[in-house]
Amino acid sequence: MIADLIETIAKILFVFGINMGFFSPILGWVERKQSAVMQDRVGANRADIMGYKAIGLFHPIADAIKVMVKEDFIPDGANKIFHTLAPFISLTCSIVTFAVVPFGGQYEIFGHKVNLVIANLDVGILFVFAFASLAPYGAVLAGWSSNNNWSFLGGMRASAQMLSYEVAMGFTIIGVIMVFGSLRLTDIGMMQEDFFRWGIFLQPVGFILFLTCAIAENKRIPFDMPEAESELVAGYFTEYSGMKFVMFWMGEFLEIVTISAIVTTLFFGAWHLPFITDADLVNFFSFAGQTGSNFLAILVNVATFLMKVIFFIWLQMTIRWTLPRFRYDQVMKLGWKMILPISLINIFITAVIILV
Amino acid sequence: MSETTKDLYTENMIINMGPSHPVTHGTVKFLVTLDGEKIVDMKVDIGYLHRGFEKMCENSTWEQVMPFTDRLNYVSPLINNVGYALAVEKLIGIDVPERCKYIRVIACELSRIADHLTNIAASAMEMGAMTAFLYFVEAREFIWDLIESFCGARVTTNYVRIGGLKNDLPDGFKEKTLHALAEVRKFWDDVNKLLTKNRIFIDRVRNTGTMPPEEAISYGFTGPCLRASGVPYDVRKAHPYLIYDQLNFDIPVGEQGDNFDRYLVRMEEIIQSTRIVEQALEQIPKGPINICSPEYRWQPKEAVYDKIESLIFHFKTVVEGIKPPNGEIYFPIEAANGELGFYLVSNGGGKPYKCRVRPPCFPLTAAMPRMVKGGFIADIIPTFDLINMIGGECDR
């Protein structure tokens, strides 16, 4: 009992720490630095401590100090409760999803069975969707409660776009569920132990559709209609400043991590290295004793998983800095008239193959 | 759909786009009436950058107007300099030396390249393609370095003088220019790959802001926007000035008159302008750059210090200004944006009696409601960007 509690707390601390302590500050830096490299610029390199710049890595600290001392501005006529609530909804939805994402297999440490996922739900993937569909509330409430026309337009766009892509995303994922026969993300991860059973080989179309939908869900270029800084000033968070603005920002960045984690879990063999099973890992580290070998295997699992996640973060950043923005009606057309039918056909073909 | 929403009471949203809005650079205000995302009505408010250029000219001598013209189209100031100088020269009835004409053509075409690069870059950025923006801004940097090398300034050039130029080209200018143009072409290729065949970009600009040729003419369109509508009118070909009739270049023409055609025409004009610069650099003769006519163009400093006649001319032209004969003149040149015309009236004094500018982007801005009505709010962005409204020129 106590061991379970310690295990859960340790896992929560790890996941929360890696997201809030590592990914969310570092992604701000990655976004700046990667775009700078792509665009032939020097990039973030101004913040320094005692003359030491660390290739701009101090910028997140500078940003944090800046936003904390900024005025928390609420416009006249805004609905104060919802205006305050909206960023919390956005941020919470993107953090909570990590609870069901497995970052390693099942191991034994000190005679205690450890499952490397915070909440091993039977309906893991549905949990992800449940929180993904709560996310639009953050954007819509922010847009509506700000008492600003631009915010309002942004909120409207956000709700329409995110809802339509949720439908398409749901259908793209059905193919994966049919192939693996489980909604539990840990099971899906387990089944990809064999390299040729990775989701990308079983569901190549599903992968492309899912990634597209996920980026659209996250409202980033080329799908950043709700923000569209040249059209709607800043869209639904026009009237936000200071910490609340940063919460939207962090929510967006953490959603990049979520998307990468889910894509890794569903399509890229979760925590597995190609051709190496978890049992192989434990055997390989057998020199370290029973607990030691399990512990080292966990480290390899987590490192593999993080590397894959970082790869997909890089991919999303590259897409964001390469493509221009869609128009609102084109996004809707793409969602309903292209991705939805293709995902339905994908389900049909998958079903036929499974039957045969 | 119409059946279900028939009884639903809806209201149009009236929204102020600008004057301080990311897309209304150049400071203009659109009063947009929206039905959802569709534009029902639009009113354009200009004048936020009005500085009284024309009135300022009336209180300055003819030469003192030159720096004011830098601030008209501040993206390609050299073309404004040349346009004003040519108008005054025609009013006086003088002709500048051959070398001066070549240098003016080179200056104009470099400015045109810079202007088109800026315009396409800004449009791309506003459609979300930040990388294309920075590529072209970097390419523009090469052009501005060149401009700096012969003017000493990057934006407020003030290079051309009535009857000549401030100074000759520096040593090694030809090699530097050819190198810079090669670099620009590299960036041009990159952006061409990023945008011209990019489905998202094409979807954004195809069939938006369309203008049929007849209407474009009746609105008074000129320049790339008119040519995008399919009318091959270019002042450089239609009414050649300087040495444009001796140079070999093509006028790109669009077919549909939409934003994509405007983009393509500008992209092609960048290449044509590099051709012109290369030809001009090849053919440029040696010789003086200023006319030898001390009542209109200052003598060199040595002459002013050494000779009493030159000193007197210098004193008179600086204090009272040069004195063109009585009369009026309209002289158009092809600026980066279209026909830039100077209408000057002289009463024989040292100051212009009237200096009116025909800005190319004024009719374009006036046609904004016609081009975007019925479209989406997102169509304002490519349309307004690709007409390239420049506040300094439109509002004067």
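**Figure 1. Helix 8 of chain A is mostly covered, with 11 of its 14 residues buried.** Welcome to the first close-up of this predicted model. The buried residues of helix 8 of chain A are A:Gly206, A:Phe207, A:Leu209, A:Phe210, A:Leu211, A:Thr212, A:Cys213, A:Ala214, A:Ile215, A:Ala216 and A:Glu217. Their cover includes helix 4 (124-145), helix 5 (149-180), helix 7 (199-202), helix 9, helix 11 (289-320) and helix 12 (328-355) of chain A. Helix 8 of chain A takes in residues 204-217, and its end C-alpha atoms lie 20 Å apart, which agrees with the 20 Å that 14 residues should span at 1.5 Å a residue. Look just past this helix to find A:Lys219, which has a positive phi near 60°.

**Figure 2. Helix 9 of chain A has 26 residues, 242-267.** From its first C-alpha to its last, helix 9 of chain A reaches 37 Å, close to the 38 Å expected at 1.5 Å a residue. Helix 9 of chain A is also mostly covered, with 23 of its 26 residues buried. Just after helix 9 comes A:Gly269, with a positive phi of about 70°.

**Figure 3. Chain B, shown as a whole before the next close-ups, has 17 helices and 8 strands.** Along the principal axes, the C-alpha atoms of chain B fill a box of roughly 90 × 45 × 35 Å. The radius of gyration of chain B is 23 Å, which agrees with the value near 21 Å for a compact globule of 396 residues. Of those 396 residues, 51% are buried. Take the contacts in chain B between residues at least 6 apart in sequence: 70% of them join residues at least 24 apart.

**Figure 4. Chain B meets chain A through 24 residues of chain B and 23 residues of chain A.** On the chain B side, the elements that give two or more residues are strand 1 (13-17), helix 4 (98-126), helix 5 (130-151) and helix 7 (199-205). That side of chain B divides into 15 nonpolar, 4 polar and 5 charged residues.

**Figure 5. The largest nonpolar core holds 211 residues.** The members that touch the most other members are A:Val263, B:Ala129, B:Phe133, B:Phe136 and B:Ile143. Helix 4 of chain B gives the largest share of this core, 16 residues. As general background, nonpolar side chains tend to be buried together in soluble globular proteins. Zoom in on B:Phe136 and, leaving aside neighbours within four places in sequence, you will find B:Phe136 in contact with B:Leu117, B:Ile120, B:Ala121, B:Phe187 and B:Val191.

**Figure 6. Strand 6 and strand 7 of chain B form a hairpin with 2 residues between them.** Strand 6 (residues 327-335) and strand 7 (residues 338-346) of chain B pair in the antiparallel sense over 9 bridges. One place to start is B:Ala335, which stands opposite B:Gly338 in strand 7. Strand 7 of chain B is also joined to strand 8 of chain B, by 5 bridges, and these two run antiparallel. Here B:Phe342 has B:Val357 of strand 8 as its bridge partner.

**Figure 7. B:Arg356 sits in strand 8 (residues 354-358) of chain B.** Is B:Arg356 buried or exposed? B:Arg356 falls in between and is partly exposed, because 16 other C-beta atoms lie within 10 Å, while a buried residue needs 20 or more. Not counting residues up to four places away in sequence, B:Arg356 touches B:Glu54 and B:Tyr343. B:Arg356 and B:Ile333 are 23 residues apart in sequence, and their C-alpha atoms are 14 Å apart in space.

**Figure 8. B:Asn207 and B:Arg396 each have a positive phi without being glycine.** Most residues other than glycine have a negative phi. For B:Asn207 the angle is about 60°, and for B:Arg396 it is near 50°. B:Asn207 is found in the loop between helix 7 and helix 8 (213-219) of chain B. With 13 other C-beta atoms within 10 Å, B:Asn207 is partly exposed. B:Arg396 lies in the segment after helix 17 (391-394) of chain B. B:Arg396 counts as buried because it has 22 C-beta neighbours inside 10 Å.

Terms used:
Residues are numbered from 1 along each chain as its sequence is written. Chains are lettered from A and ligands numbered from 1 in the order in which they are written. This is a predicted model: local features need pLDDT of at least 70, side-chain atom pairs count only at pLDDT 80 or more; totals for chains, interfaces and linings use all residues. Helices (H or I, at least four residues) and strands (E, at least two) are DSSP runs, numbered from the N terminus. The radius of gyration is taken over C-alpha atoms; the globule rule is 2.2 Å times the number of residues to the power 0.38. A residue is buried if 20 or more other C-beta atoms lie within 10 Å of its own, exposed if 12 or fewer, and partly exposed in between; C-beta atoms are placed from the backbone. Two residues are in contact if their C-beta atoms, placed from the backbone, lie within 7 Å. Ala, Val, Leu, Ile, Met, Phe, Trp, Tyr, Cys and Pro count as nonpolar, Asp, Glu, Lys and Arg as charged, and the others, Gly among them, as polar. The expected span of a helix is 1.5 Å times one less than its number of residues. A nonpolar core is a set of buried Ala, Val, Leu, Ile, Met, Phe, Trp, Tyr and Cys residues joined through C-beta atoms within 7 Å. Two strands pair if DSSP finds at least two bridges between them.
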